[in-house]
Amino acid sequence: MKLLLIEDNATMQTTLRRAFERRGIQVVSCDDGARALDRWEASQPDVVLLDLSLPGLDGLEVLSRARSAGWSTPVVILTARGTVGDRILGLNTGADDYLAKPFDLDELEARVRALVRRSGAASGGAGRPPDAFCGLRVDADSGAVYLHDAPMELTARELALMRALLARPGHAVARERLFDLVFPGEADVQAEAIEVVVYRLRKKLAQTGAQLVTLRGLGYLLKAVP
């Protein structure tokens, strides 16, 4: 099982990482809301533990954007905001469970495993997407993109675009969504700039088994070369 921990408190992050790793669960962590969605896409976790009070982007906004993008990964909210209203808001935003701090580690582990079991059953046991597509994969720890065993030489913008497309190979990703990931917070950049990054990345994929396709009015997707 792979778990993504989005928590900015260093002590809490370390405690939870050690606790879950002792229980045989792989942990990928992120301490900033603004980077959380990229980390989520890159690691493709089985379950997400999400704090609400994050720097950069509030946890509820992270969750809302993930659900709007169609990501169905089970999410457990961990927060000091323990009122009924806060819980209802979190669940209505798309959380699958809610645990107020302080909490018992054994109870948290039980809830995490139950969510993953239910998620696997709901998807027919398919689990999360395969780690590689046409030999391409995202390294969960570094975020780099590999072609078989060799890292691809990509610019930061090409890398952001590639990670977003590899999160949903064979499915269209909206152009607006990709623009936000490739040019985060750059309001002065023209929308057409994404086409330049697409063009350059398409050339680098020419010798692989994957093809970057433009779907007019929908966005872009990766598909296997016939």
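**Notes on a predicted model: sheets, helices and cores**

1. Setting aside the residues within four places of it in sequence, Ala-66 is in contact with Leu-37, Trp-40 and Trp-71. The model discussed here is a predicted one, and Ala-66 is a convenient place to start reading it. Ala-66 belongs to helix α3, which covers residues 59-68, and with a relative accessibility of 0% this alanine counts as buried. Asp-149 stands 83 residues away from Ala-66 along the chain, and the C-alpha atoms of the two are separated by 29 Å.

2. The next point concerns the parallel sheet. Five strands make up this open sheet, in the order β2-β1-β3-β4-β5, and their pairing is parallel. Its edges are formed by β2 (26-30) and β5 (97-100), each of which pairs on one side only, and from one strand to the next the twist averages 20 degrees. At the β5 edge, strand β4 (residues 75-79) pairs with β5 in the parallel sense over four bridges, and Leu-78 stands opposite Leu-99 in β5.

3. Helix α1, made of residues 10-22, lies across β1 (2-6), β2, β3 (47-51) and β4 of this sheet, and it runs at about 165 degrees to β2. Two loops that adjoin strands of the sheet deserve a separate look. In the loop between β5 and α5 (105-122) sits Pro-102, and the peptide bond that leads from Lys-101 to Pro-102 is cis, with omega near -5 degrees. In the loop between α2 and β3 lies Gln-44, which has a positive phi of about 45 degrees although it is not a glycine.

4. There is also an antiparallel sheet, which is open and consists of three strands in the order β6-β7-β8. Here the edge strands are β6 (136-138) and β8 (150-151), each pairing on one side only. Strand β7, residues 145-147, runs antiparallel to β6 and is joined to it by three bridges; within this pairing, Tyr-146 of β7 is the bridge partner of Arg-137.

5. Is His-148, a residue with a positive phi, buried or exposed? His-148 lies in the loop between β7 and β8, and its phi is near 60 degrees, a positive value in a residue other than glycine. With a relative accessible area of 54%, His-148 is exposed, whereas Gln-44, at 14%, is buried.

6. Helix α6 (residues 156-167) lies across β6 and β7, and it runs at about 105 degrees to β6. The axis of α6 also comes within 10 Å of the axis of helix α8 (residues 193-204), and the two cross at roughly 80 degrees, so α6 is roughly perpendicular to α8. On the α6 side the contact is made by Arg-157, Glu-158, Leu-161 and Met-162, and on the α8 side by Val-197, Val-198, Arg-200, Leu-201 and Lys-204. Sorted by character, the residues of this contact are five nonpolar and four charged, with no polar ones.

7. Which residues touch the most other members of the largest nonpolar core? This core has 30 residues, and those with the most contacts to other members are Val-145, Leu-161, Met-162 and Leu-212. Two or more residues come from each of β6, α6, α7 (175-182), α8, β9 (210-215) and β10 (219-224), and α6 gives the most, with seven residues. Apart from this core lies another one, of 21 residues, which includes Ile-6, Leu-37, Leu-50 and Ile-77. As a general background, nonpolar side chains in soluble globular proteins tend to be buried together.

8. The surroundings of Val-145 can be followed residue by residue. Not counting residues up to four places away in sequence, Val-145 touches Leu-136, Arg-137 and Val-138, then Ala-150, Pro-151, Met-152 and Leu-154, and further along the chain Leu-159, Met-162, Arg-163 and Leu-166.

9. Helix α7 can be read together with the elements that cover it. Its buried residues include Arg-177, Leu-178, Phe-179, Leu-181 and Val-182. Among the elements that cover the buried residues of α7 are α2 (33-43), α6, α8 and β10.

How values were computed:
Residues numbered from 1 in each chain as written. Predicted model: local features only at pLDDT ≥ 70, side-chain atom pairs only at ≥ 80, totals over all residues. Heavy atoms only, no water. Pairing = 2+ DSSP bridges. Contact = heavy atoms within 4.5 Å. Axes fitted to C-alpha atoms, helices over the stretch in contact; angles between N-to-C directions. Parallel < 35°, antiparallel > 145°, perpendicular 65-115°, else oblique. Nonpolar A, V, L, I, M, F, W, Y, C, P; charged D, E, K, R; others polar. Core = buried A, V, L, I, M, F, W, Y, C linked by side-chain atoms within 4.5 Å. Buried < 20%, exposed > 50% of the residue type's maximum accessible area, 1.4 Å probe, protein only.
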